[in-house]
Amino acid sequence: VITAPAVTSFEALGTTVTLLLSRSDRLEDARSILAGEVDAIDRAASRFRSDSEIVRLNRAEGGWTPVSPLLFSAIEAALWAARVTDGNVDPTVGEALRLCGYDRDFASLVDSGPALEVSVTPVPGWQVVETRSGDRSVRVPPGVEIDLGATAKAFIVDMAAARIHEALNEGVLVSIGGDIAAAGPAPAEGWRVLVTDDHRTPPDSPGHTVAIHGGGLATSSTTVRTWTRGGQAMHHIIDPESGLPADSCWRTASVAAVSCLHANVAATAAIVRGEAAPAWLEKWSLPARLVGVDGRVVNVGSWPEATP
Amino acid sequence: MTGPSPARRDAGLRTLSSATRWMVAGAVALTGVFAGVAAHFVPGRSSSQPSATGQTPAASTSGGGSSPSPSYGSNGGDNAGSNYSSGSGFQPPSQAPSAVSGSGSVSSGAT
């Protein structure tokens, strides 16, 4: 029985990476595995690294481009996300994000700036991205920019948690910027997670704390990673139908699922879907907590009520 | 001048009908052959690329507490398969979150 898991954190991917492990004497081994996975996804899928694979892919002018196994799987995951959400979470939002001002690493993004000329233009759509598993190649049409920001972190969280558990045979929880996956044996009362708007909120802050025993838990929000242009508030969750930041009735969505990727994709889709989100989440039997822009809280499915 | 006898006319019509059936069958067969050749030689969307929407919810098949993990060879291997090409939908956790009192060990919030 795990009593108090060992904890370590570091900064990567523009956010905080946290690792909880059931045994303190294997913590460094686990951290090394996690750091390797994080570095690998950064080199493969960062839109802001000139040497990343995805930048090369986006510049391939429509040619078939061989990619690494990691990027190929990450793109397949992003296409799965698009399909299962009926296009609410679409990897072809790269240009829309750039036109909305998110054109560099968020830490370097100027908080406010002059007005932008943007128009309601649907993104190209995930269906234009083609994959070929035989030679592990991907084709992105000219002018289309894919961005894996909505899925890549959750994808690598699942990967890292599974790898650490497999390598060390220990219970582990991995969090990258609040996207969480747990693998292996959990503490007796579960892994304790504070559910909040901003992952930077210290976990011992007052609020709604839940316990999970495995799988994934992820939160998407329009209140974090925001900027203004011409006085207009912008955020990073793009509605593919408009190519603009989603104008949602929800400010935050937290979802539990079998994996972090499932949870994260569902949480982002819930923001985009707006009022239709509770019924949609219910259809998939996904426990979820939605917080409206007016502060109202809607628990979906088997998501627990907050303890007094 | 006299026309063909009814018997000869019927025989001609039968021959024509039979020939038409063979032509239709041949056209269908050739269409299939051409489609197969085109599918083999012309690059297109992968069979792993999902195309359908409106999937029905999948029942939870998670047996334990571990996440399903897509596989890849990050260290140079060539296993590019993933769990995301099978057309599956969302899966709920094997155990729903439970509310607990006191502080957390980690925070789930947006980045």
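Let's start with E53(A), which sits in helix α2 of chain A, a helix covering residues 53-58. Keep in mind that this is a predicted model. Beyond that glutamate, there are nonpolar cores to look at, plus a couple of cavities.

**Around E53(A)**
- E53(A) counts as buried because its relative accessible area is 14%, and the cut-off for buried is under 20%.
- Leaving out residues up to four places away in sequence, E53(A) touches R43(A), A44(A), V67(A), S68(A) and L71(A).

**The nonpolar cores**
- In soluble globular proteins, nonpolar side chains tend to be buried together.
- Here, the largest nonpolar core has 80 residues, and the members touching the most other members are L34(A), I75(A), L148(A), I164(A), V174(A), L281(A) and F90(B).
- The top contributor to this core is helix α3 of chain A (residues 69-84), which puts in 12 residues.
- A separate core holds 13 residues, including W191(A), V193(A), L217(A) and V106(B).

**The cavities**
- Rolling a probe the size of a water molecule over the atoms shows where empty space is left.
- Searching the whole structure turns up two cavities of 30 Å³ or more.
- The largest cavity holds about 40 Å³ of space.
- Its lining is made up of A78(A), A81(A), V89(A), D90(A), P91(A), D147(A), L148(A), A150(A) and T151(A).
- By type, the residues lining the largest cavity come out as six nonpolar, one polar and two charged.
- L148(A) turns up twice: as one of the members of the largest core that touch the most others, and in the lining of the largest cavity.

Conventions:
Residues are numbered from 1 along each chain as its sequence is written. Chains are lettered from A and ligands numbered from 1 in the order in which they are written. This is a predicted model: local features need pLDDT of at least 70, side-chain atom pairs count only at pLDDT 80 or more; totals for chains, interfaces and linings use all residues. Side-chain values use heavy atoms; hydrogens and water are left out. Helices (H or I, at least four residues) and strands (E, at least two) are DSSP runs, numbered from the N terminus. Buried means under 20% relative accessible area, exposed over 50%, partly exposed in between (1.4 Å probe, protein chains only). Contact means heavy atoms within 4.5 Å. A nonpolar core is a set of buried Ala, Val, Leu, Ile, Met, Phe, Trp, Tyr and Cys residues joined through side-chain atoms within 4.5 Å. On a 1 Å grid over the protein atoms alone, a cavity is a set of points where a 1.4 Å probe fits but cannot get out, and a pocket is an open set with protein on both sides within 12 Å along at least five of seven lines; lining residues have an atom within 4 Å of a point. Grid points are joined across faces, edges and corners, and a volume is the space filled by probe spheres set on the points. Ala, Val, Leu, Ile, Met, Phe, Trp, Tyr, Cys and Pro count as nonpolar, Asp, Glu, Lys and Arg as charged, and the others, Gly among them, as polar.
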